[in-house]
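Here's a quick briefing on a protein model with its ligand. Have a look at the sequence and structure, then read on.

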Amino acid sequence: MSETLWLVVPAAGQGRRMGAQRPKQYLPLAGRPVMAHTLSRLHQAFPAARLCLCLDPDDALFDPAWVPFVHWQRVDGGAERADSVGHALAALAGRAGDEEMVLVHDVARPCVSVDDLARLYEVLRHDAVGGLLAAPVADTMKRDDGAGRVAATESRQGLWHAMTPQGFRYGLLCRALATAQRHGLAVTDESSAVEALGLAPRLVAGRRDNIKITHPEDLGLAARILSAQRAEGPGNTTATGREKR
Ligand code: C5P
């Protein structure tokens with residue numbers, strides 16, 4: 001019997017750093033809203049997965065036509081990203097088994113490749129803790145002095161950019177987020193909540209072009225990445241000959 005894969009997509013942010021009229025998940029990218037691209041990539045990799053989409057309760061821009069999944073539900077987002085993910089996990093209670101995998105992917109990462117998604121899932125299925133897509137830091141890292149000058153150069157040795165998806169078993173993820181909330185820990189990703197339990201999530205090296213659209217110039221960059229990925233061919237945009245999940 002095939003195992004159930006749960007997808008949680010937090011999409012309740014306002015994206016204020018974009019300075020746009022509407023949240024970034026609704027900005028047009030290569031002819032479709034950012035959200036439609038993100039959901040399409042996830043669906044190409046995991047057509048049989050069950051999706052929980054976190055949206056602002058007052059969201060008037062969402063169109064269900066952008067959701068390619070058969071099994072999906074909308075849940076209300078919360079004040080912070082971790083609250084939105086927490087609402088999604090609560091909505092899955094009684095349906096998701098403790099040992100079933102939950103992949104959490106930011107709606108603002110529409111360029112994630114189908115190959116990376118499939119590879120991440122394969123690695124995490126066999127991992128006792130879970131983990132995340134990540135990329136080693138390439139630039140020299142500076143710490144500022146709070147006044148626009150360099151206070152120190154930090155070693156980049158062993159530093160990674162944390163991306164999404166991040167995947168953990170349902171029971172562990174619920175426990176990690178609940179514990180973080182109880183201790184007032186501000187967690188900006190699932191991994192940090194799991195790390196706070198004393199566990200070491202697996203770093204799965206992914207493509208560096210899995211950018212998170214955050215600043216205005218990122219939208220043009222994402223459009224160029226999507227176009228370059230299309231030119232690279234299958235694997236970046238389409239899943240071929242892979243087991244259905
Ligand atoms: O703002 P930032 O890019 O860090 O948000 C990361 C992700 O979390 C985005 O997909 C955003 O829509 C989502 N989010 C959310 N609920 C919030 C804040 C952010 O679902 N309250």
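Some vocabulary first: a residue is buried if its relative accessible area is under 20%, exposed if it is over 50%, and partly exposed in between, using a 1.4 Å probe and protein chains only. This is a predicted model, so take the ground rules along: local features need pLDDT of at least 70, side-chain atom pairs count only at pLDDT 80 or more, and totals for chains, interfaces and linings use all residues. Residues are numbered from 1 along each chain as its sequence is written, and side-chain values use heavy atoms, with hydrogens and water left out.

**The ligand's surroundings**

- The ligand has 15 residues around it, the closest being Pro10, Lys24, Gly78, Ser84 and Lys212 (a residue counts if one of its heavy atoms lies within 4 Å of the molecule).
- By class, that shell splits into six nonpolar, three polar and six charged residues; Ala, Val, Leu, Ile, Met, Phe, Trp, Tyr, Cys and Pro count as nonpolar, Asp, Glu, Lys and Arg as charged, and the others, Gly among them, as polar.

**Polar contacts with the ligand**

- A polar contact is a pair of N or O atoms within 3.5 Å; within protein, one must be able to donate a hydrogen and the other to accept it, and residues adjacent in sequence count only if both atoms are side-chain atoms.
- Ser84 puts a polar side-chain atom 2.7 Å from a nitrogen atom of the ligand.
- Backbone atoms join in too: a polar one of Ala79 is 3.1 Å from a ligand nitrogen, and a polar one of Val107 is 3.2 Å from a ligand oxygen.
- On its own the ligand has 460 Å² of accessible area, and the protein covers 85% of that (Shrake-Rupley method with a 1.4 Å probe).
- Two elements give two or more residues to the shell around the ligand: β1 (5-11) and α2 (81-91). Helices (H or I, at least four residues) and strands (E, at least two) are DSSP runs, numbered from the N terminus.

**Asp106**

- Asp106 sits in the loop between β6 (101-104) and α3 (114-125).
- Its relative accessible area is 11%, so Asp106 is buried.
- The side chain of Asp106 makes a polar contact with the side chain of Arg81, at 2.8 Å.

**Backbone oddities**

- The peptide bond from Thr164 to Pro165 is cis, with omega near 10°, and Pro165 is found in strand β10 (residues 160-169).
- Ala30 isn't a glycine, yet it has a positive phi of about 45°.
- Ala30 lies in the loop between β2 (28-29) and β3 (32-33), and counts as partly exposed because its relative accessibility is 47%.
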